[in-house]
Amino acid sequence: MATLFEYIGTVEMPEGLHLMAGDSERVAGVHLDSLGVHSVRVLRVEIE
């Protein structure tokens with residue numbers, strides 16, 4: 001079974017965010033703030 005990908009472009013991620021998972025509408029990642037506190041952030045993906 002072949003998987004096809006389409007390159008759409010490059011985006012700049014917020015500093016300290018390490019991506020874990022995503023789909024065509026959202027991405028989730030672990031964020032480490034300046035005090036060393038971890039949190040999970042989910043960002044909406046909008047393709048223009």
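**Figure 1. Of the contacts in the chain with a separation of 6 or more, 11% join residues 24 or more positions apart.** The model shown is predicted. The chain contains 3 strands and 0 helices, and its elements follow the order β-β-β from the N terminus. Along the principal axes, the C-alpha atoms occupy a box of roughly 45 × 25 × 15 Å. Of the 48 residues in the chain, 10% are buried.

**Figure 2. Strands E1 and E2 form a hairpin.** The view shows strand E1, which covers residues 17-22, beside strand E2, which covers residues 26-32. Between E1 and E2 lie 3 residues. The pairing of these two strands is antiparallel and runs over 5 bridges. One bridge can be followed residue by residue: Leu-17 has His-31 of E2 as its partner.

**Figure 3. Strands E2 and E3 form a hairpin with 5 residues between them.** Strand E3 spans residues 38-44 and pairs with E2 in the antiparallel sense, with 7 bridges between the two. Two positions illustrate the register of this pairing. His-31 is matched with Ser-39 in E3, and Val-27 lies opposite Leu-43 of that strand. Within the hairpin, Gly-36 adopts a positive phi near 85°.

**Figure 4. His-31 is a buried residue of the chain.** His-31 belongs to strand E2. Its relative accessible area is 9%, which is under the 20% limit, and His-31 therefore counts as buried. Bridges lead from His-31 to two residues: Leu-17 is one partner, and Ser-39 in E3 is another. When residues up to four places away in sequence are set aside, His-31 is in contact with Glu-15, Gly-16, Leu-17, Val-37, His-38, Ser-39 and Arg-41. The side chain of His-31 also comes to 3.4 Å from the backbone oxygen of Glu-15.

**Figure 5. Val-40 is an exposed residue of strand E3.** Strand E3 is hardly covered, since 0 of its 7 residues are buried. Val-40 has a relative accessibility of 59%, which is over the 50% limit, so Val-40 counts as exposed. Beyond its neighbours within four places in sequence, Val-40 touches Met-20 and Gly-29. The C-alpha atoms of Val-40 and Leu-19 are 9.6 Å apart, while 21 residues separate the two in sequence.

**Figure 6. Glu-12 lies in the segment that precedes strand E1.** The relative accessible area of Glu-12 is 79%; this value is over 50%, and Glu-12 is therefore exposed. Along the sequence, Glu-12 and Ile-47 stand 35 residues apart. In space, the distance between their C-alpha atoms is 14 Å. Ile-47 appears again in the next view, among the residues nearest the centre of the largest pocket.

**Figure 7. The largest pocket has a lining of 16 residues.** The volume of this pocket is about 430 Å³. Nearest its centre are Gly-9, Val-11, Val-45, Glu-46 and Ile-47. By residue class, the lining comprises 9 nonpolar, 5 charged and 2 polar residues.

Technical notes: Residues are numbered from 1 along each chain as its sequence is written. This is a predicted model: local features need pLDDT of at least 70, side-chain atom pairs count only at pLDDT 80 or more; totals for chains, interfaces and linings use all residues. Side-chain values use heavy atoms; hydrogens and water are left out. Buried means under 20% relative accessible area, exposed over 50%, partly exposed in between (1.4 Å probe, protein chains only). Helices (H or I, at least four residues) and strands (E, at least two) are DSSP runs, numbered from the N terminus. Two strands pair if DSSP finds at least two bridges between them. Contact means heavy atoms within 4.5 Å. A polar contact is a pair of N or O atoms within 3.5 Å; within protein, one must be able to donate a hydrogen and the other to accept it, and residues adjacent in sequence count only if both atoms are side-chain atoms. On a 1 Å grid over the protein atoms alone, a cavity is a set of points where a 1.4 Å probe fits but cannot get out, and a pocket is an open set with protein on both sides within 12 Å along at least five of seven lines; lining residues have an atom within 4 Å of a point. Grid points are joined across faces, edges and corners, and a volume is the space filled by probe spheres set on the points. Ala, Val, Leu, Ile, Met, Phe, Trp, Tyr, Cys and Pro count as nonpolar, Asp, Glu, Lys and Arg as charged, and the others, Gly among them, as polar.
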